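Work through the exercises below with the sequence and the model at hand. Each task is followed by a solution in steps.

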Amino acid sequence: MAYKILTSQCTVCGACEFECPNAAISLKRGTYVIDPNLCNECQGFFDAPQCDEVCPVPGTCVPAKGGGKAARG
Amino acid sequence: MSADVIRLADLKIGSPRGPRRPAKGGCSAAACGAPAKPEDVPAATWAKIQDHPCFAEEAHHYFARMHVAVAPACNMQCNYCNRRYDCANESRPGVVSERLTPDEAARKVIAVANEVPQLAVLGIAGPGDGAYDWARTKATFERVHAELPDLKLCLSTNGLALPERVDELKEMNVAHVTVTINMVDPAVGAAIYPWIFYQGRRRTGLEAARILHERQMESLERLAAADILVKVNSVLIPGINEAHMADVHAAVTARGAFLHNIMPLISAPEHGTAFGLEGRRGPTAAELQEAQASCGGGARLMRHCRQCRADAVGMLGEDRGQEFTLDQLPDEVSFDPTERDAYRAWVEVERADRREAAAAADAEAGTAGATAAAPPLRVAVCTKGGGRINAHFGKTEEFQIYDVDADGVRFVAPRRIDTYCVGGRGDEKVMAAIKDALADVQMILCERIGKRPRRELAVAGIAAVDAFPLAYIETAIAAVYARTGRADGTAGA
């Protein structure tokens with residue numbers, strides 16, 4: 001259960017970084033990335049993943065299907 | 001870079017030439033809506049605004065501002081904004097070519113202060129929202145204030161995250177805040193804001209607009225209580241809020257807003273904004289004036305806004321941002337106040353001289369209007385700044401429009417065009433566009449103009465006058481107005 005950021009669409013505004021309750025998002029070599037080991041899709045904090053809620057570009061913060069160690073599917 | 005810096009040796013008090021390299025941009029006005037002279041506002045207020053080019057109309061002839069793009073994150077979406085579109089040649093709010101860390105921003109501010117003695121204000125205007133992207137905004141203000149304590153700090157925000165920041169702004173001596181408020185009725189707001197992010201949830205429709213409205217009003221009240229001067233920017237969106245502007249104006253002035261700036265929607269399909277893609281057009285100059293007039297005759301309105309970028313540098317109407325990109329900044333830079341102090345001393349005397357000239361011009365226009373019954377006149381002025389007629393017609397990128405009648409000389413608005421003269425030859429397409437842009441104007445005042453464009457303008461009913469090179473704008477307008485009165489009301493006779 002983790003989200004990922006589609007780099008090609010990201011505007012690098014950083015809003016997701018401060019909204020993430022797990023501090024799972026950081027700037028790496030000019031793009032924001034989500035650490036799948038820290039991301040729990042905001043469960044226990046919010047109803048919906050904060051990165052996707054605040055992101056200005058639709059469909060940029062999305063479920064990482066099979067993407068990371070902790071990813072679902 | 002140094003070519004454009006004012007040479008102090010050339011500064012002569014009251015000289016018609018002013019600085020040899022006059023500050024670019026700027027217009028002039030005896031009675032622009034924004035305060036033009038100390039008598040217009042209480043003394044304590046004038047002390048706060050006299051060097052801020054956006055808050056005091058007069059100040060923008062002499063002082064420059066810069067924005068540093070340190071705050072890219074935003075907490076809402078506006079239908080006139082597309083966060084994915086950046087272009088170095090675009091001049092409109094929210095657009096930047098590079099983002100800076102607070103450290104880089106502080107270095108840039110010092111570098112600019114050394115090169116541009118007119119610099120008086122540092123603003124943070126995004127490209128996202130500075131009150132939401134607070135950690136970076138605050139760090140930047142603190143670093144700059146430590147190095148340049150006399151530089152005025154200014155924040156531009158949508159207000160959603162602002163109420164909780166007002167106390168900190170006050171502590172940091174941020175004396176000016178601009179809040180963009182496009183509506184005071186959530187039903188209107190729902191057509192402008194598709195969503196806001198507030199307290200952990202994306203909210204849409206009426207709920208979003210209602211929360212935003214309440215937070216904006218709370219921001220105004222808290223800012224007023226903290227004695228921070230507030231300008232409200234409203235984007236005029238045809239078909240959505242043009243009939244609503246008087247309500248917005250009444251609501252924000254009732255909550256202590258000092259100045260209201262109604263700005264035209266900028267909307268082109270290639271920007272990819274929701275309004276651009278749906279083909280919603282920006283307002284015409286006449287529609288903008290109508291909305292301004294709907295706020296009442298005595299309204300304190302800003303009319304000299306150039307809707308600048310979130311990384312603009314220089315006088316209003318010019319952008320020297322490209323001279324100060326990150327790769328051009330020295331690694332270490334220290335502030336040298338010599339030129340800056342000398343420039344301020346010069347401005348002190350020069351602006352008093354100009355103020356006197358403007359008052360005399362108003363008196364002359366009054367006499368002409370009363371005794372000769374001269375009809376009102378609309379004039380387009382070519383200026384490079386300093387409040388003087390000091391630009392050639394062919395090199396002008398922006399005309400300053402003025403009205404004159406028996407009540408005096410009033411600034412109306414800037415109008416941008418392409419320059420007529422390219423590589424020493426006149427461009428016919430541009431001439432047609434100029435005639436079009438100046439269809440409601442009877443006269444052009446410029447430092448010089450060629451025979452051919454003068455003839456062509458005359459055919460279109462526009463008299464080109466170059467009899468007042470380097471004169472103060474108000475003085476020249478009053479003189480031509482008095483002349484039209486004596487000539488029995490024929491403009492430009």
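**Exercise 1.** What pLDDT does chain B average, and what percentage of the residues score at least 70?

Solution. The average for chain B is 84, and 86% of the residues score at least 70; pLDDT is the predictor's confidence in each residue, from 0 to 100. Next, look at where the score drops. Over residues 1–32 of chain B it is below 50, yet this stretch has 87 contacts in the model beyond near neighbours in sequence; two residues are in contact if their C-beta atoms, placed from the backbone, lie within 7 Å. Residues 488–493 of chain B also stay under 50, with 15 contacts beyond four places in sequence. The model as a whole scores ipTM 0.88 and pTM 0.82.

This is a predicted model, in which local features need pLDDT of at least 70 and side-chain atom pairs count only at pLDDT 80 or more, while totals for chains, interfaces and linings use all residues. Residues are numbered from 1 along each chain as its sequence is written, and chains are lettered from A and ligands numbered from 1 in the order in which they are written.

**Exercise 2.** Compare the length of helix α6 of chain B with the expected span, then locate its buried residues.

Solution. Helices are DSSP runs of H or I with at least four residues, numbered from the N terminus. Helix α6 covers residues 205–225, 21 residues in number. The expected span is 1.5 Å times one less than the number of residues, so for α6 of chain B it should be 30 Å; the end C-alpha atoms are 31 Å apart, which agrees.

A residue is buried if 20 or more other C-beta atoms, placed from the backbone, lie within 10 Å of its own, exposed if 12 or fewer, and partly exposed in between. The buried residues of α6(B) are B:A208, B:A209, B:L212, B:H213, B:Q216, B:S219, B:L220 and B:L223. They lie on the same side of α6(B), because they cover an arc of only 130° around the axis, the arc being that of the directions from the helix axis to the C-beta atoms. On the other side of α6(B), B:L206 and B:A225 are exposed. Just after α6(B), B:D227 has a positive phi of about 65°.

**Exercise 3.** Is B:D353 buried, exposed or partly exposed?

Solution. Start with its place, which is in helix α10 (residues 338–372) of chain B. B:D353 has 15 other C-beta atoms within 10 Å, so B:D353 is partly exposed.

Key: Helix = DSSP H or I, 4+ residues; strand = E, 2+ residues; numbered from the N terminus.
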